[in-house]
Amino acid sequence: MTGEKIMTEVFEPSALSLLFICFMVFLAGFVDASAGGGGVISLPAYIFTGMPAHFALGCNKFSSACGTTLAVFKFWRGGAVDIRAAVIAFAGSFVGSAAGAHVALLLSDQTIRTMLLFILPCAALVIFLKRNIPDENRTADIPRRKAAALSFFIGLLIGGYDGLFGPGTGTFAIIAFSMLLKFDLRTASGNAKILNLASNYASLITFAFAGTILYGVALPAALCGVAGNYLGARCALTRGAKFIRPMMLIVLSLLMLKLGWDIAAMR
């Protein structure tokens, strides 16, 4: 981490770069609250400015944790959360994310960037194959013990991925809750927010102790993320699946554009 810390001493984002980050984090918050996958937008935005990958991960977690907190409150008040499944997934996600963040700190800057180029298309494939999610709640058909085990397993795996990288986490959680636990799309989105809250704070604590958060960038970006999450959660709760499904496809489109940009830049 010594080399990374030296890099931050000379890394000073311009006013234009900061505005770019804030706008993209706002957009990411809106998408994340309504469809999940906001990290597909926000993490690349930090990296685009030349920020070292570890610090991009840390700043991204700071802003996304703030935005997710507000989104959780909105979904909770809207009754779009299954408390039992969400609490169990929260526990699994916290453990998994802390472990994933510790692993991320062991990887080099170049390794993180290179791995993202492989992870993003895999995430796109999963979203493509599972985009037709049923919008009916049949979770009562699953035995309670099995539902509890699945909730913890979903939290552990997706939380671990979020701590390590993150893009697409919310979307993957929505898909998992819908496909494995048979929640309707609205409740699956609320449960995904609880899971994401745990993973965000677990990895945020890890990155904060490692000193990989640039607060001069993360704080204003977080405010924009909160605004985006507020509007996104409001739209998702009032429009339901008819709004969430198109937003998931928009996330996917942005992901593919980002991947194309990276491939072109490598030539």
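**Figure 1. Arg 138 and Asp 141 pair up in a salt bridge.** Here is a close-up of Arg 138, which is partly exposed in this predicted model, with a relative accessibility of 33%. Its partner, Asp 141, is exposed, and its relative accessible area comes to 56%. The closest N and O atoms of Arg 138 and Asp 141 are 4.0 Å apart. Side chains of opposite charge can pair when their charged atoms come close. A search of the whole structure turns up 2 salt bridges, and the next view shows another pair.

**Figure 2. Asp 162 and Lys 61 form a salt bridge.** In this view, the closest N and O atoms of Asp 162 and Lys 61 are 2.6 Å apart. The pair ties together distant parts of the chain, since Asp 162 belongs to helix H7 and Lys 61 to helix H4 (residues 53-77), 101 residues apart. Is Asp 162 buried or exposed? Asp 162 is buried, with 2% relative accessible area. Lys 61 also counts as buried, at 2% relative accessibility. Both fall in that class because buried means a relative accessible area under 20%.

**Figure 3. Helix H7 covers residues 144-164.** Follow the 21 residues of H7 from end to end: the first C-alpha and the last are 30 Å apart. That reach is close to the 30 Å expected at 1.5 Å a residue. Many positions to look for along the helix are buried, among them Ala 147, Ala 148, Leu 150, Ser 151 and Ile 154. Further along H7, the buried residues include Ile 158, Tyr 161 and Asp 162. Several glycines of H7 are buried as well, including Gly 155, Gly 159, Gly 160 and Gly 163. Just after the helix comes Gly 166, whose phi is positive, at about 120°.

**Figure 4. Ser 63 sits in helix H4 and is buried.** The relative accessible area of Ser 63 is 2%. Which side chain makes a polar contact with the side chain of Ser 63? That partner is Tyr 46, at 3.1 Å. A polar atom of the Ser 63 side chain also lies 3.1 Å from the backbone oxygen of Asn 60. Leaving aside residues up to four places away in sequence, Ser 63 touches Val 25, Tyr 46, Ala 218, Ala 221 and Ala 222. Tyr 46 is therefore a good residue to find in this view, being both a polar partner of Ser 63 and one of the residues that Ser 63 touches.

Notes. Residues numbered from 1 in each chain as written. Predicted model: local features only at pLDDT ≥ 70, side-chain atom pairs only at ≥ 80, totals over all residues. Heavy atoms only, no water. Helix = DSSP H or I, 4+ residues; strand = E, 2+ residues; numbered from the N terminus. Expected span 1.5 Å × (residues − 1). Buried < 20%, exposed > 50% of the residue type's maximum accessible area, 1.4 Å probe, protein only. Salt bridge = Lys/Arg side-chain N within 4 Å of Asp/Glu carboxyl O. Polar contact = N/O pair within 3.5 Å; in protein donor to acceptor, adjacent residues only side chain to side chain. Contact = heavy atoms within 4.5 Å.
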